[in-house]
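Colleague: Could you take me closely through one part of this model, the pocket region and the sheet that goes with it? I would like one connected account that I can follow with the structure open beside me.

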Amino acid sequence: MAKLNIVLFEPEIPANTGNIGRTCVATGTRLHLIEPLGFRLNEKALKRAGMDYWKDLDVTTYIDYADFLEKNLGAKIYMATTKAKKTYTEVAYEPDCYIMFGKESAGIPEEILVENQETAIRIPMINDIRSLNLGNSVAIVLYEALRQNHFDHMQLEGDLHRLHWKG
């Protein structure tokens with residue numbers, strides 16, 4: 001079964017992390033938060049963005065990047081950055097891989113990126129745009145990884161509430 005992992009490196013905006021948490025719950029994805037965080041995990045804005053889903057979230061926090069690496073030895077980590085040479089669709093996501101995103105104001109530090117050049121990925125954008133919203137970026141890349149893993153363990157069909165589909 002695919003069990004993907006989203007990693008947020010020092011996230012700063014609680015609403016983004018709440019939104020990402022909700023996406024993780026909806027997809028059965030684990031969330032990893034590398035401190036320092038720009039908010040407290042019990043902050044109202046975080047819970048509002050995550051709505052009532054936050055209690056169902058599989059979330060782990062780490063005191064820093066070294067702690068994250070130590071507790072996830074051998075993890076295949078893709079680094080989402082606007083500075084990467086290849087796009088997020090050019091890699092094959094393993095069912096248990098980690099996809100890391102940097103803090104809203106600065107992204108993933110270049111000291112980390114330079115050590116992970118082969119797994120650095122980007123979302124294509126026109127030149128004049130600095131970056132996409134963090135929650136949108138996570139959703140774009142996560143759903144590509146889920147698609148590549150055939151949406152394993154996910155409900156692929158929906159039903160109408162009052163009426164029925166024809167045929």
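Modeller: Please keep in mind that this is a predicted model, and let me begin with the largest pocket, whose lining is made up of 25 residues, with T82, G107, S131, L132 and S137 lying nearest its centre. Two elements, strand 7 and helix 5 (134-148), each give two or more residues to that lining, and helix 5 provides the largest share, which amounts to three residues. The space in the largest pocket comes to about 430 Å³, and by residue type its lining divides into 11 nonpolar, nine polar and five charged residues.

The second largest pocket holds about 170 Å³ of space, and the residues that line it are T81, K83, A84, K85, E110, L113, V114, Q117 and A120. Of these lining residues, four are nonpolar, two are polar and three are charged.

A120 leads from the second largest pocket into the sheet, since in strand 7 A120 is the bridge partner of M79. Strand 7 (residues 120-122) runs parallel to strand 4, and two bridges join them. Strand 4 also pairs with strand 6 (residues 98-101), again in the parallel sense, over four bridges. Within strand 6, M100 is the bridge partner of M79, so that M79 has a bridge partner in strand 6 and another in strand 7, while A80 stands opposite F101 of strand 6.

If you look at the two faces of strand 4 (residues 77-80), you will find both of them covered, with I77 and M79 buried on one side and Y78 and A80 buried on the other.

Stepping back to the whole sheet, these strands belong to an open sheet of seven, which has the order 3-2-1-6-4-7-5 with parallel pairing. At its edges stand strand 3 (59-62) and strand 5 (86-87), and because each of them has a single partner strand, one side of each is left without a neighbour in the sheet.

Strand 1 (residues 5-9) is also part of that order, and N5 lies in strand 1. N5 has a relative accessibility of 1%, and therefore counts as buried, the limit being under 20%. A polar atom of the N5 side chain lies 3.3 Å from the backbone oxygen of K3, which gives you a particular place to look at for this buried polar side chain.

Finally, as you may ask about the cysteines when planning your reading of the model, a search of the whole structure finds zero disulfides. C24 takes part in none, and the nearest cysteine sulfur to that of C24 belongs to C97, 12 Å away. C97 is likewise in no disulfide, with the sulfur of C24 as its nearest at that distance of 12 Å, whereas a disulfide would need the two sulfur atoms to be within 2.5 Å. Both cysteines are buried, C24 with a relative accessible area of 1% and C97 with a relative accessible area of 0%.

Note on methods:
Residues numbered from 1 in each chain as written. Predicted model: local features only at pLDDT ≥ 70, side-chain atom pairs only at ≥ 80, totals over all residues. Heavy atoms only, no water. Buried < 20%, exposed > 50% of the residue type's maximum accessible area, 1.4 Å probe, protein only. Pairing = 2+ DSSP bridges. 1 Å grid on protein atoms, 1.4 Å probe; cavity = no way out; pocket = protein on both sides within 12 Å on 5 of 7 lines; lining within 4 Å. Points joined across faces, edges and corners; volume = space filled by probe spheres on them. Nonpolar A, V, L, I, M, F, W, Y, C, P; charged D, E, K, R; others polar. Polar contact = N/O pair within 3.5 Å; in protein donor to acceptor, adjacent residues only side chain to side chain.
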